[in-house]
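Welcome! Here is a short guided tour for anyone meeting this protein model for the first time.

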Amino acid sequence: MDLLTAQSVALERGYRLLLQGVDFTVAPGELWQMAGPNGVGKTSFLRALAGLSKVGVSGSIQREASFLYQGHLPGLKPLLSPIENLSWHPSGLIAESEVALRQALDQVGLFGYEDTPVHNLSAGQQRRVALARLWLSDAKLWLLDEPFTAIDMLGAELLEARLLAHVEQGGAVVFTSHQPNRFAERLRVLDLSHYAA
């Protein structure tokens, strides 16, 4: 069963038609990158796929699985620690065990920073806190907006490995990015410039 289906989707922003006629299906085990120049509507389309944008969206979007959406901003409270941020994040499907939270932070290279206020972390470390959610989520479908932004080469390698592990276990990932990656033949590309109005 497909996890996500979009049929004849059109997207309007500020009385301007961005995209039209988008047909898109995501099956288990697939890794998709949305491509296209700045302003083509990648973030807007990803938010529509997640059900976060409904105004100016027409056509049909069906999600047949639990999903995790992560925007391009880290979505962290600066006065809280990484542990507290992961515990209180409203996206759902986050493990409640502090042991699991600490293990996820260890996976993204933040061992020793678990209780440090987020405002004392670098931009890259803050991004890693946000990405730790990927080690905690049981959602089958991940919708990620610019997940490779503000992370170093090692962080990018960790993220690539995590995304590949997720799809190999029957999940699916749709992400936007301008950063190069090493997914090679595993990657499918939806070039939204082909649907630009």
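## Two residues with a positive phi

A loop is a good place to begin. Ala 184 sits in the loop that connects strand S7 (172-176) with strand S8 (187-191). Please keep in mind as you look around that this is a predicted model. Most residues other than glycine have a negative phi. Ala 184 is not a glycine, yet its phi is positive, at about 50°.

Another residue to look up is Glu 146, in the loop between strand S6 (141-145) and H5. Glu 146 is not a glycine, and its phi is positive at about 50°. Are these residues buried or exposed? Ala 184 counts as exposed because its relative accessible area is 55%, over the cut-off of 50%. Glu 146 counts as buried because its relative accessible area is 14%, under the cut-off of 20%.

## The sheet of five strands

Strand S8 also belongs to an open sheet of five strands, in the order S5-S6-S7-S3-S8 and with parallel pairing. At the edges you will find S5 and S8, each of which pairs on one side only. On average, and with direction ignored, neighbouring strands of this sheet are turned by 15° against each other.

How is S3 joined to S8? Strand S3 (residues 31-35) runs parallel to S8, and five bridges join them. To see one pair of partners, find Trp 32, whose bridge partner in S8 is Arg 188.

## The sheet of three strands

There is also an open sheet of three strands, ordered S2-S1-S4, in which the pairing is antiparallel. Its edge strands, strand S2 (16-26) and strand S4 (57-63), each pair on one side only. Here neighbouring strands are turned by 20° against each other on average, again with direction ignored.

Strand S1 (residues 4-13) and S4 run antiparallel and are joined by six bridges. Among the residues of S1 and S4 you can look for Leu 11, which has Val 57 of S4 as its bridge partner. Helix H1 packs on this sheet and touches S1, S2 and S4, while its direction makes about 130° with that of S1.

## The largest pocket

Now for the empty space. Rolling a probe the size of a water molecule over the atoms shows where such space is left. The largest pocket holds about 200 Å³ of space. Its lining is made up of 13 residues, and those nearest the pocket centre are Tyr 69, Gln 70, Gly 71, His 72 and Leu 73.

Which elements each supply at least two residues of this lining? They are helix H1 (42-49) and strand S5 (67-70). The largest share, three residues, comes from S5, which is also an edge strand of the sheet of five. Sorted by class, the pocket lining has four nonpolar, six polar and three charged residues.

## The largest cavity

How many cavities of 30 Å³ or more does a search of the whole structure find? There is one. The largest cavity contains about 40 Å³ of space. Around it are Val 108, Arg 128, Leu 131, Trp 135, Gly 155, Leu 158 and Leu 159.

Helix H4 (123-131) and helix H5 (153-168) each supply at least two residues of the cavity lining. H5 gives the most, with three residues. The classes in this lining are five nonpolar, one polar and one charged. You have met H5 before: the loop that holds Glu 146 lies between S6 and this helix.

Technical notes:
Residues are numbered from 1 along each chain as its sequence is written. This is a predicted model: local features need pLDDT of at least 70, side-chain atom pairs count only at pLDDT 80 or more; totals for chains, interfaces and linings use all residues. Side-chain values use heavy atoms; hydrogens and water are left out. On a 1 Å grid over the protein atoms alone, a cavity is a set of points where a 1.4 Å probe fits but cannot get out, and a pocket is an open set with protein on both sides within 12 Å along at least five of seven lines; lining residues have an atom within 4 Å of a point. Grid points are joined across faces, edges and corners, and a volume is the space filled by probe spheres set on the points. Helices (H or I, at least four residues) and strands (E, at least two) are DSSP runs, numbered from the N terminus. Ala, Val, Leu, Ile, Met, Phe, Trp, Tyr, Cys and Pro count as nonpolar, Asp, Glu, Lys and Arg as charged, and the others, Gly among them, as polar. Two strands pair if DSSP finds at least two bridges between them. Axes are lines fitted to C-alpha atoms, for helices over the stretch in contact, and angles run from 0 to 180 degrees between N-to-C directions. Contact means heavy atoms within 4.5 Å. Buried means under 20% relative accessible area, exposed over 50%, partly exposed in between (1.4 Å probe, protein chains only).
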